[in-house]
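Student: I would like to learn how to read a structure feature by feature. Could we go through one together, with the general idea before each case?

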Amino acid sequence: MARLKQAKEEADKEIATFRAQMEAEFQRKLAESSGDSGANVKRLEQETEAKIGHLKKEAARISHDVVQMLLKHVTTVKN
């Protein structure tokens with residue numbers, strides 16, 4: 001019985017050590033991926049802002065032509 005109890009205690013210690021190692025590895029990987037995620041988010045925000053700026057510039061450039069085209073089609077009477 002004493003040997004069985006001792007074996008159980010040793011197994012519990014090994015399990016606790018293994019669990020601590022796995023938890024530390026998980027936390028390390030989580031920290032690494034979180035750092036990358038922050039950089040990716042910032043890069044995506046910059047790209048999005050650049051694309052929005054480009055679209056606004058293009059819209060301003062052709063808006064007069066679009067308005068003229070719409071006015072032409074709205075005011076033209078077809079028989």
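Student: Let me start with a single side chain: is Lys-29 buried, partly exposed or exposed?

Tutor: The general idea is to use relative accessible area, where buried means under 20%, exposed means over 50%, and partly exposed lies in between, with a 1.4 Å probe and protein chains only. In this structure Lys-29 counts as partly exposed, because its relative accessibility is 47%. Before we go on, please keep in mind that this is a predicted model, in which local features need pLDDT of at least 70 and side-chain atom pairs count only at pLDDT 80 or more, while totals for chains, interfaces and linings use all residues. Residues are numbered from 1 along each chain as its sequence is written, and side-chain values use heavy atoms, with hydrogens and water left out.

Student: What secondary structure does the protein chain have?

Tutor: Helices and strands are read as DSSP runs, numbered from the N terminus, with at least four residues of H or I for a helix and at least two of E for a strand. Here the protein chain has one helix and zero strands, and helix H1 covers residues 2–75.

Student: How does the radius of gyration of the protein chain stand against that of a compact globule of 79 residues?

Tutor: The radius is taken over C-alpha atoms, and the globule rule is 2.2 Å times the number of residues to the power 0.38. For 79 residues a compact globule would come near 12 Å, but this protein chain has 33 Å. The box filled by its C-alpha atoms tells you about the outline too, being roughly 105 × 30 × 5 Å along the principal axes.

Student: Which distances could I check along helix H1, starting from Ala-11?

Tutor: Ala-11 is found in helix H1, and its C-alpha lies 59 Å from that of Lys-51, with their positions 40 residues apart in sequence. Asp-12, which is also placed in helix H1, has its C-alpha 55 Å from that of Glu-49, a residue 37 positions away along the chain. For a shorter stretch, take Ala-20 and Lys-5, which are 15 residues apart in sequence and 23 Å apart in space, C-alpha to C-alpha.

Student: What share of the residues of the protein chain is buried?

Tutor: Of the 79 residues, 0% count as buried. Ala-20 is an example of a partly exposed residue, because its relative accessibility is 47%, and Ala-11 is partly exposed because its value is 33%. For the chain as a whole, the accessible surface is about 7600 Å², with 61% of this belonging to carbon and sulfur atoms; such areas come from the Shrake-Rupley method with a 1.4 Å probe, and for residues only the protein chains shown count as cover.

Student: How many salt bridges does the structure hold?

Tutor: A salt bridge is a side-chain nitrogen of Lys or Arg within 4 Å of a carboxyl oxygen of Asp or Glu. The structure holds five of them. In one of these, Glu-25 pairs with Arg-28, the closest N and O atoms being 2.5 Å apart, and the two residues sit three residues apart in helix H1, about one turn of the helix. Glu-25 also meets Lys-29 at 3.8 Å, N to O, with these two lying four residues apart in helix H1, again about one turn. Glu-25, Arg-28 and Lys-29 are thus linked in a network of salt bridges.

Student: Which residue forms a salt bridge with Arg-61, and is Arg-61 buried or exposed?

Tutor: The partner of Arg-61 is Glu-58, with 2.7 Å between the closest N and O atoms. Arg-61 is exposed because its relative accessible area is 56%, whereas Glu-58 is partly exposed because its value is 27%.

Student: Which residues form a nonpolar patch on the surface?

Tutor: Patches are made of residues with over 30% relative accessible area and no salt bridge, where like charges are joined within 9 Å and nonpolar side chains (Val, Leu, Ile, Met, Phe, Trp, Tyr) within 5 Å. In this structure Ile-62, Val-66, Met-69 and Leu-70 form such a nonpolar patch, and together they have about 330 Å² of accessible area. Ile-62 is partly exposed, because its relative accessible area is 37%.
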